Each structure stands twice: as C-alpha cells, then as structure tokens.
Amino acid sequence: MDLVRVETPKECFYSFLSIGWGLMADIDIESERLRALGEARFAVWAVVRAIGLRKYKGKLSYRAVNGYQPKCTSKMVAEPKPKRSKTIDCHLAWSEDTPTAKKEELQEPMFRSKSFGAHDPILDEEADSSVRLLKFSYSSDQLEDPFLTTAPVVIPPSPVENIPHTHCTDDPVEPPQDEQGITKYCPPLDQPVPDDWVVVDDEFVMVYACHQTHLSSDVLFAPEAKMDDGIMWLIVIKAGVSRAQAMYFLASLQTGDHVHIPYVDVIPIHAFRLEPLRDDSYLTVDGEVIPCCSIQAEVLPSMARVMTR
C-alpha cells in the first residue's frame, strides 16, 4: 500500500488516508461535538457548513501525473439549476435588425436551446441535418466552433477514467531520489517548487487529497484510486460556488458522482504543496488536526504491506 510523506516546517508525518483543508476538514473536526450520533454527525454538520459556507485564501502547487490533460468539457453537467444557453453564431442566426435579411436565405437556421443536464437529447440525423442545438459548457475555458466541420462533434472520454496504469505516460526525465532510492518530487519546504508544477494562487472552498477510495464507509471519495497506484487524488473547489452547489457536492460523495461535477476539479498527482494565507482554519492529516501552516506531501509507492486473513 502507498504511504504519503507529509512535511511541515517543524514535523514530518506519514499518512495512509487523506490530507484536508477547507470544507470537509471543517465538517470532520467541528462535528466532533456530535460524536454521539455516530457517522450521522457528518451529514448533520455538512448542512451547517454548507449554509455557512467559508472560503480560504492560499496558494496550491502540485505535480500532476505525467500525461494528465484536464478537459472540463468532457464532464457531465450536473449542477442543481443549470442555466439557459445562448445562440453563439450571430452570422447564421436570422436577425430582425437587418431589414434585407430573408429567412429563406438561411442555410442553417439556429434555435435557442435549453441546457438539458447530464443527458443531452439525441437528434435524428435523417430527420433534418440542418438544425443544430448548441449549448455552452459550464466549466469550459475555450469553446470549439462546431461550424468548422460538418462531421458530428464527438465528446472525448473523461480524462480521469481508468487513470491508474493506463493513460499516464512515463516521465521523460527521472525525478531525483532520496537516500533510500525512493522518488522525491518535493524540494525543501523553504525553496520554490519546480517549473513543471502547476501553481494556483486563489481563494478555495476546499482542497483535499486522498490516497484510498473511501474516506468513511459511506463516502466514495476517489472511485479510481488503488492502494498501490503511486497516485494521490487531489479534489479542489474554488471560491464562487453557491450554497446549493456545495450541498450538491456533499450529497454526491456517497455515490462518487462528485467527480463529474463541473465546478469540482479532480486531479491525479504525485505531490503537492499548500500554503494557507491565514492560520485560523483546520488542516487535517488522516482526520487529525495539525497546526495550520505551509505543508507539502508526496507519495511513497508501495511502502506498507497489508496482510489479511
């Protein structure tokens, strides 16, 4: 089984489960006052924290698994209240502002459509190939022009599908190793991260890294995780989500459907560094509180052996 080495300015820990900061860490620690309720305490306090949603300022840096290319457009739309989409090509749409325009001259009439959520309607190609329904993607940073080609638009499979052992390519350059021959991704905590790391300086609702599939008996946090895949699964929610969206995320944890929500980033990583701007939030390692400070963690592949009968 993989272990994770966690470093702070003063201590070093070895984690077998998770590292958390933000929403879920708050729920885990603050619900201790309801411990008599058993695991139901998490559900009760999740409602409390979703209503009083907090955001935290900090810097997150991580070393993603080589070959991972996040494509938010492939995520299914699963927001509680999807917005109405817009017609995006004004040249093909008939406008009443141009008196010389004639409706019969349009070769491809555009129709305003609604966002249908996770399951889009399937159009019959033989019925009328000139009618197209277009939607905005909720989390896409770049829209592709569907009129550049007449071929049907094929949505690529989710980049987080079957990530362990299949889609990740070998590193072109071997990372350094420590004195025990274990790959070392993290530099010393007082030094900047390498250039191939992703750095995000923003406000966050939650930053959570998990090494196993489940955080508890009813929380399927990382469905694709394996005990010895050498990967941490980093789940990030940035500030700006609504209380309803936070509640929807927490409700989806039981089935693992949260990995498909557009405003939830699920990233397979080898290492990460978290630098909170303030020290008044909870930072947890395997569900236990540690001082809130700069922290970094990296995977130690197959460092533990689990024996069962």
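A crossing of two helices is called right-handed if the near helix is turned clockwise from the far one by less than a right angle. Helix α1 passes helix α2 in just such a right-handed crossing. Keep that pair in view. The model shown is a predicted one.

Start with the whole chain. The secondary structure comes to 4 helices and 12 strands. The chain has 309 residues, and buried residues make up 43% of them. Now take the contacts in the chain with a separation of 6 or more. Residues 24 or more positions apart account for 73% of these.

Go back to α1, which covers residues 23-30. Is this helix enclosed or not? In α1, 8 of the 8 residues are buried, so the helix is largely enclosed by the rest of the structure. The buried residues are L23, M24, A25, D26, I27, D28, I29 and E30.

Next comes α2, residues 40-51. The axes of α1 and α2 lie 9 Å apart, and the two helices pack at an angle of about 125°. Angles of 65 to 115 degrees would count as roughly perpendicular, and those over 145 as roughly antiparallel. The two helices are therefore oblique to each other. On the α1 side, the contact uses L23, D26, I27, D28 and E30. On the α2 side, R41, F42, W45, A46 and R49 meet them. By class, this contact of α1 with α2 has 5 nonpolar residues and 5 charged ones. It has no polar residues.

Look at R41, one of the α2 residues in that contact. R41 is buried, with a relative accessible area of 7%. Leaving out residues up to four places away in sequence, R41 touches D28, S31, E32, L34 and R35. S31 sits 10 residues from R41 in sequence. Their C-alpha atoms are 5.9 Å apart.

A43 is found in α2 as well. Is A43 buried or exposed? A43 is exposed, with a relative accessible area of 51%. The cut-off for exposed is over 50%. A43 and L250 are 207 residues apart in sequence, and 8.6 Å apart from C-alpha to C-alpha. L250 belongs to helix α4, and α4 is the next stop.

Helix α4 spans residues 243-252. The axes of α2 and α4 come within 9 Å and cross at roughly 155°. That makes α2 roughly antiparallel to α4. Here too the crossing is right-handed, as α2 passes α4. From α2, the contact is made by A46, V47, A50 and I51. From α4, R243, M247 and L250 take part. The residues of this contact divide into 6 nonpolar and 1 charged, with no polar residue. A46 also appears in the contact of α2 with α1.

Which residues of α4 are buried? They are Q245, A246, F249, L250 and S252. Seen down the axis of α4, these buried residues fall within an arc of 165°, so they line one face of the helix. On the other side of α4, R243 and A251 are exposed. Several elements help to cover the buried residues of α4. They include the helices α1 and α2, and also β5 (198-210) and β8 (232-238).

Now move on to the strands. Strand β10 runs over residues 283-285 and holds T284. T284 is buried, with a relative accessible area of 0%. How far apart are the C-alpha atoms of T284 and I19? They are separated by 5.7 Å, though the two residues are 265 residues apart along the chain. Not counting residues up to four places away in sequence, T284 touches S18, I19, G20, A25, I29, Y208 and V289. Two of these names bring us back to α1: A25 and I29 are among the buried residues of that helix.

Two backbone details remain. D286 lies in the loop between β10 and β11 (288-290). D286 has a positive phi of about 55°, although it is not a glycine. S302 is placed in the segment after β12 (295-300). The phi of S302 is also positive, near 55°, and S302 is likewise a residue other than glycine.

Notes. Residues numbered from 1 in each chain as written. Predicted model: local features only at pLDDT ≥ 70, side-chain atom pairs only at ≥ 80, totals over all residues. Heavy atoms only, no water. Buried < 20%, exposed > 50% of the residue type's maximum accessible area, 1.4 Å probe, protein only. Arc of directions from axis to C-beta. Contact = heavy atoms within 4.5 Å. Axes fitted to C-alpha atoms, helices over the stretch in contact; angles between N-to-C directions. Parallel < 35°, antiparallel > 145°, perpendicular 65-115°, else oblique. Nonpolar A, V, L, I, M, F, W, Y, C, P; charged D, E, K, R; others polar.
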